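Please look at the chain shown here and follow its path from one end to the other before reading on. The report below then takes up its parts one after another.

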Amino acid sequence: MASSSSWLHLLFLLCFLWMNLTVKCDIDEEDTLLQDINKYRASLNLTALMKNDNAECLADELADQFKDQPCTNTTGANTVPGTEPQIADYPNLLAKCHLNISNTGDGIVMPACVPNLVPDIVLSNYTKSQYANNLNNTKYTGAGIGSDGNWIVVILTTSTPEGSYVTDKSNNAKNAASLLSKIGLGYNLLFCLIGALLMF
């Protein structure tokens, strides 16, 4: 019969693995697309785009807004420039991501609609469409990518203040992010504690 300390060690190992799996599962179509875009840019002797978490937050919010729109010949990368759907609550989406309009103006939002987000087709929607001009532009230094349903949104950022997508310090973004991370950690610890209690 195994001792209590052996069971406790096993429990902590399982908790550690479970917490790591919840983080590791985030390697998805968004990360793959950023890697593929950077390979594409490298083939053109351009620098890699750095991941921008604030732009990623906004891209996620925008993808959520688009998710119920069907893929057609006039949506996403196929949309005629200037006829893109307008997001009525764009200021609210910026606020959710602790952004200000003044530091997002030089960035560019590029939505694409691809059934099942097939990686090769998603990449083609960016590298072989009107979006390629933006990906080829050296002024863009960062990217945030979000997806929902058949929609994926790439936001390109710049190193200028007007396109940096830096956090708006006036709305206590740090406190909100800190609170969310503490809540997530609390759920993981609570799961481990309940598991320990059930074993004894």
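## A sheet and the helices around it

In the hairpin formed by β3 and β4, where 2 residues lie between the strands, G149 adopts a positive phi near 65 degrees. This model is a predicted one, and the report starts from that hairpin and works outward to the rest of the chain.

The two strands of the hairpin pair in the antiparallel sense, and β3 and β4 are held to this pairing by 8 bridges. One of the places where they meet can be found at G146, which stands opposite V153 in β4. Strand β3 also pairs with β1, here in the parallel sense and over 2 bridges, and in this pairing M50 stands opposite G142 in β3. In general, the strands of a sheet pair through backbone hydrogen bonds, and they can do so in either the parallel or the antiparallel sense.

Taken together, 4 strands form an open sheet with mixed pairing, in the order β1-β3-β4-β2. The edge strands are β1, residues 50–51, and β2, residues 108–113, each of which pairs on one side only. Strand β3 is largely enclosed by the rest of the structure, because 7 of its 9 residues are buried.

The protein chain as a whole holds 7 helices and 4 strands, and from the N terminus on its elements run α-α-β-α-α-β-α-α-β-β-α. Of its 200 residues, 36% count as buried, while the chain exposes about 11900 Å², of which carbon and sulfur atoms supply 60%. Among contacts with a separation of 6 or more, 75% are made by residues 24 or more positions apart.

### Helices on the sheet

Helix α2, residues 29–43, lies across β1, β3 and β4, and it runs at about 150 degrees to β3. Helix α5, residues 119–127, also packs on the sheet, where it touches β2 and β4, and its direction makes about 140 degrees with that of β2.

The table sets out how the lengths of two helices compare with what their residues should span.

| Helix | Residues in helix | Expected span | Distance between end C-alpha atoms |
|---|---|---|---|
| α2 | 15 residues | 21 Å | 21 Å |
| α3 | 14 residues | 20 Å | 20 Å |

For α2, the distance between the end C-alpha atoms agrees with the span expected at 1.5 Å a residue, and the corresponding values for α3 agree as well.

Which residues of α2 are buried? They are E30, L33, L34, D36, I37, N38, Y40 and R41, and the buried residues of this helix pack against β1, α3, α5, α6, β3 and β4. An α-helix has 3.6 residues a turn, so residues three or four places apart point the same way. After α2 comes N45, whose phi is positive, near 60 degrees.

In α3, the buried residues are N54, A55, E56, L58, A59, E61, L62, A63 and F66, and what covers them includes α2, β1, α4, β2, β3 and β4. The N-terminal end of α3 is capped by N52, a side-chain oxygen of which lies 3.0 Å from the backbone nitrogen of N54.

### Two residues compared

Is S147, a residue of strand β3, buried or exposed? S147 counts as buried because its relative accessibility is 15%, and the cut-off for that class is under 20%. Leaving aside residues up to four places away in sequence, S147 touches E29, E30, D60, A63, L117 and I152. With two of these, its side chain also makes polar contacts: one of 3.0 Å joins it to the side chain of E29, and another, of 2.7 Å, reaches the side chain of E30.

The place of D120 is in helix α5, and D120 counts as exposed because its relative accessible area is 63%, where the class of exposed residues begins over 50%. Although D120 and L33 are 87 residues apart along the chain, their C-alpha atoms are separated by 9.1 Å. L33 is itself one of the buried residues of α2.

Definitions and conventions
Residues numbered from 1 in each chain as written. Predicted model: local features only at pLDDT ≥ 70, side-chain atom pairs only at ≥ 80, totals over all residues. Heavy atoms only, no water. Buried < 20%, exposed > 50% of the residue type's maximum accessible area, 1.4 Å probe, protein only. Contact = heavy atoms within 4.5 Å. Areas by Shrake-Rupley, 256 points an atom, 1.4 Å probe, with all protein chains shown as cover. Pairing = 2+ DSSP bridges. Axes fitted to C-alpha atoms, helices over the stretch in contact; angles between N-to-C directions. Expected span 1.5 Å × (residues − 1). Polar contact = N/O pair within 3.5 Å; in protein donor to acceptor, adjacent residues only side chain to side chain.
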